[in-house]
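Reader: I'd like to go through the labels on this one and see what each rests on. Can we start at the surface?

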Amino acid sequence: SVASDMTTTMPAIDANHTISVDPGERETAARAPLDQTAAAAVPKQQSWFERPNDPYLQNPNTYDYQWMHDAVNTYEAWGVTTGNSSVKVAVIDTGVLPSHEELSGRVTTINMTDVTGESNDDTDGHGTHVAGIIAASSANGKGGAGIAPGVSILALAALPGGYGNDAWVAMAVGRAVDNGADIINMSLGNYYYNSTLNAAIQSAISHNVSVIAAMGNDGSNSL
C-alpha cells in the first residue's frame, strides 16, 4: 500500500514545521460572511436545471446566499451531473462530522488516531465545513448545497484541532489512496517543502487520483 510504503521514510516530527487550517476560517466555519462587492459582480445564473429548494440558493440579496454557485456555473454543471455516490472525495482536514444532516449517510471515517494520537472526531469544525462546500445535500429545503451533493466523503483527521504536520498529512494521503479515493482535497497550508509529502502526492497522482490543494490564505501573490 502507499501508506505502508512510506513508513520507513517518514521524517521525524518537527514542532516548528506545522500545517494548519486558517484560524480565521475556523472562527467563521459555520457561516462564511458574504462579500457584498464580489456578490454584486456575479450575476445570478439561470439555467435549464431547476434550482433546488435550499434556502441559501434563492435570494442573492441575503446574507447566506451561496453566490459561488453562480461564479463557477454550478447550476449548468448540475444539468449534467450532481455527482455519484461511487465517487469518493477524501477530505484531509480536521475530520468530518458523519451525523451532520447535510452529509449523513455519505461519510466514511478513515482512522488516523494511530498516527496523530488524537480523536478522529471533528472538534474544530473546519473539516465539516469543507466537506459541506464539496458535498452538502441539495433539494432538502435546508441550508445550502455543495458543489457535488451526490458524492461520498472519506474523512481523514490529519489536523486534529486544526494543526498537524507533514508526516501526518502524507500518511493521510496514502490512506486515502488505499481506501479508494478518486479525489483528495487538502484545504490546509504550510510554508515549507517536504519531500515525503511530495512523494505521497505524486504517488496518489500515479494512482489516477486528482489532488486538490489550497493556494494559500495570506492575501499575497508572492511565492
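Reader: What makes Val72, Ile133 and Ile147 a nonpolar patch?

Author: In this predicted model, local features need pLDDT of at least 70, side-chain atom pairs count only at 80 or more, and totals for chains, interfaces and linings use all residues. Numbering runs from 1 along each chain as its sequence is written, and side-chain values use heavy atoms, without hydrogens or water. Patch members need over 30% relative accessible area and no salt bridge (Lys or Arg side-chain nitrogen within 4 Å of an Asp or Glu carboxyl oxygen), and nonpolar side chains are joined within 5 Å, like charges within 9 Å. Val72, Ile133 and Ile147 form such a patch, with about 250 Å² of accessible area together (Shrake-Rupley, 1.4 Å probe, only the protein chains shown as cover).

Reader: Why is valine 72 called exposed?

Author: Exposed means over 50% relative accessible area, buried under 20%, partly exposed in between (1.4 Å probe, protein chains only). Valine 72 has 53%, so it counts as exposed. Valine 72 sits in the loop between helices H4 (68–71) and H5 (74–78) (DSSP runs of H or I, at least four residues; strands are E, at least two).

Reader: How do you know that S6 and S7 pair?

Author: Pairing takes at least two DSSP bridges. S6 and S7 (210–213) have four, in the parallel sense; one of the partnerships is methionine 186 with alanine 213 in S7.

Reader: And what makes S2 and S6 a pair?

Author: Three bridges join S2 (88–93) to S6 (183–186), again parallel, and alanine 90 has isoleucine 184 as its bridge partner in S6.
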